[in-house]
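Hi,

Here is the structure I promised to hand over. Have a look at it first, and then read my notes underneath.

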Amino acid sequence: MGHVSVHILYPHPRIPYHLHFTQPRFKPNTFPSPYSSTQPTFPVQFRRNTRSLSLMLPKSVPPAEPQPQTLNTKTTLTSFFTSLLQPRFSPQNPRTWILFTVLFIQILLLCNLRSFPSPSIPPPLPAAADTTTTTTTTVHHSSRTVDHCGSGKVFVYNLPDTFNQQIILNCDNLNPWSSRCDALSNDGFGRAATSLAGIVPEDLLPAWHWTDQFVTEIIFHNRLINHKCRVMEPESATAFYIPFYAGLAVGKYLWFNSTAEERDRHCDMMLQWIQDQPFFKRSNGWDHFITMGRITWDFRRSKDRDWGSSCIYKPGIRNVTRLLIERNPWDYFDVGVPYPTGFHPRSKSDVTRWQSFVRERQRHALFCFAGAPRRAFRDDFRAILLSQCRDSGESCRAVNCTGTRCSNGTSAILETFLDSDFCLQPRGDSFTRRSIFDCMVAGSIPVFFWRRTAYLQYEWFLPGEPESYSVFIDRNAVKNGTLTVKNVLERFTKEEVRRMREKVIEYIPRLVYANTKQGLEGVNDAFDVAIEGVFKRIKEQEQPQFHKWK
């Protein structure tokens, strides 16, 4: 079939349309009169994807008058249409019908021009969208948005070294019992975990360290000074970061007979400095945030003789968002962030490789417990769990963490979590414990006995449906013998266990801190999730309906 293409120009530059006229075959001398009842139709096809129109036309029509074989390419569009409209064209001439059809379609398209979609980039899915996957690729939760700084920009204060670097340089004196220098080495990640050889895949061994649980201040500071959305001009910042190592500063004064003044000294000096800054004065601290690398209760001393610092209770820090490894669930400004684990991926491939490894791991024990009894506590719940574990035979594996055996992790802990379907997570010295995250990174399903251990702590980082990734058991029923842990966990089918484990594996990226200056390309780790959350809450505070006090 022959084709004639006519380009129709529109005022909208994104919509070039083409008309394709296709000539069907007719037997000679059988083309009917346009006025007869057997008049042929000219079907019009509008293909939206290709932005084209197709008209069926006769292959050969006896013209009313001789027509030129070609048009002069220099003839203007106006001259062309004028020639077509000359009276010498009769209704029997198909070109007349072409002209009428073209004009009709022009008018139709111009009237409906707004109804045609213009190209656009679809909006990204929310970071916390709950999408489950059983593939071996990176989980959907970790995908980054296209606009890297659309959420906000951060300004990092240049605090005097007294409040951060000098504290690290004094690492030999941060602990009354031993040096902390090894624990703070490698930008806070600690020594390489070479003893995990043979337990983790060989290519992932360099991503494992013996990381201390109290180093989030160093990790966040290093990432923020290299952040892609860091700005040097405070006028353009959404959020302001105070790089004060509050947890490391107070750590040496938490024990023995330190005075209240000693425990508060660094915090008092920092607040005196920050309250003199013009952008802190402008917002009274509402758009500022800080990492405090210990549990919130270490900074909430009410009386001089009580435990810890009183930093959080001081007026200058009242409106500052605080990132802590354990929060007070009833304090809006406390935000719980994951305890650091030993796994610090260097790339997206490290994450997907580890996810595949824990997904495919053969597990032999139903449940496990890593911890030590608290003999000083009456009715110690940990002792009850250890007793039930021993009574469960091969269904349970236990790691005795009496003393300092499990500080900063051991190969025995990781092996135990990798070998068990479930891991018991009673409260630690406080309501939370690092073991929650060691357990989940190993692909084991956590079993909780206090809702404050996780559900009311890490909302930004864990699924919104607790039953999708964890088990909750009434501790009082365990204490009085109504329930045993083994009997509860044996009720879950293999398919239910598989689904819960898959959800745990899906969320692993949000629970670990990457070992790169710029983060992981295409994956949001715990740091990224925390910073996005800070930006979001600061923007929410700017809404008219949000009430701020002075």
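Below is what I found, going from the whole chain to a few salt bridges.

First of all, keep in mind that this is a predicted model.

**The chain as a whole**

The protein chain has 550 residues, and 51% of them are buried. Its secondary structure comes to 16 helices and 16 strands. If you take the contacts in the chain with a separation of 6 or more, 71% of them are between residues 24 or more positions apart. As for the outside, the accessible surface is about 27,800 Å², and carbon and sulfur atoms account for 53% of that.

**Salt bridges**

Side chains of opposite charge can pair when their charged atoms come close. Searching the whole structure turned up 25 salt bridges. I picked out three to show you, among them one between D203 and R353.

In that pair, the closest N and O atoms are 3.1 Å apart. D203 sits in the loop between β6 (191-192) and β7 (209-210), while R353 belongs to helix α9 (residues 348-360), so this salt bridge ties together parts that are 150 residues apart in sequence. Both ends have some access to the outside: D203 is partly exposed, at a relative accessible area of 42%, and R353 is also partly exposed, at 35%.

Next, take a look at R223 and D528, whose side chains meet in a salt bridge at 3.4 Å, N to O. R223 is in helix α5 (residues 216-225) and D528 is in helix α16 (residues 526-541), so the pair links parts that lie 305 residues apart in sequence. Are these two residues buried or exposed? R223 counts as buried, with 4% relative accessibility, and D528 is buried too, with a relative accessible area of 7%.

The third pair is D264 with R301, at 2.7 Å from N to O. Here D264 comes from helix α7 (residues 260-274) and R301 from the loop between β9 (288-291) and β10 (321-324), so the salt bridge joins parts that are 37 residues apart in sequence. D264 and R301 are both buried.

Which residues are linked with D264 and R301 in a network of salt bridges? They are D268, D304 and K314. If you open the model, that network is a nice place to begin browsing, starting from D264 in helix α7.

Write back if anything is unclear.

Cheers

Key. Residues are numbered from 1 along each chain as its sequence is written. This is a predicted model: local features need pLDDT of at least 70, side-chain atom pairs count only at pLDDT 80 or more; totals for chains, interfaces and linings use all residues. Side-chain values use heavy atoms; hydrogens and water are left out. Helices (H or I, at least four residues) and strands (E, at least two) are DSSP runs, numbered from the N terminus. Buried means under 20% relative accessible area, exposed over 50%, partly exposed in between (1.4 Å probe, protein chains only). Contact means heavy atoms within 4.5 Å. Accessible areas come from the Shrake-Rupley method with a 1.4 Å probe; for residues, only the protein chains shown count as cover. A salt bridge is a side-chain nitrogen of Lys or Arg within 4 Å of a carboxyl oxygen of Asp or Glu.
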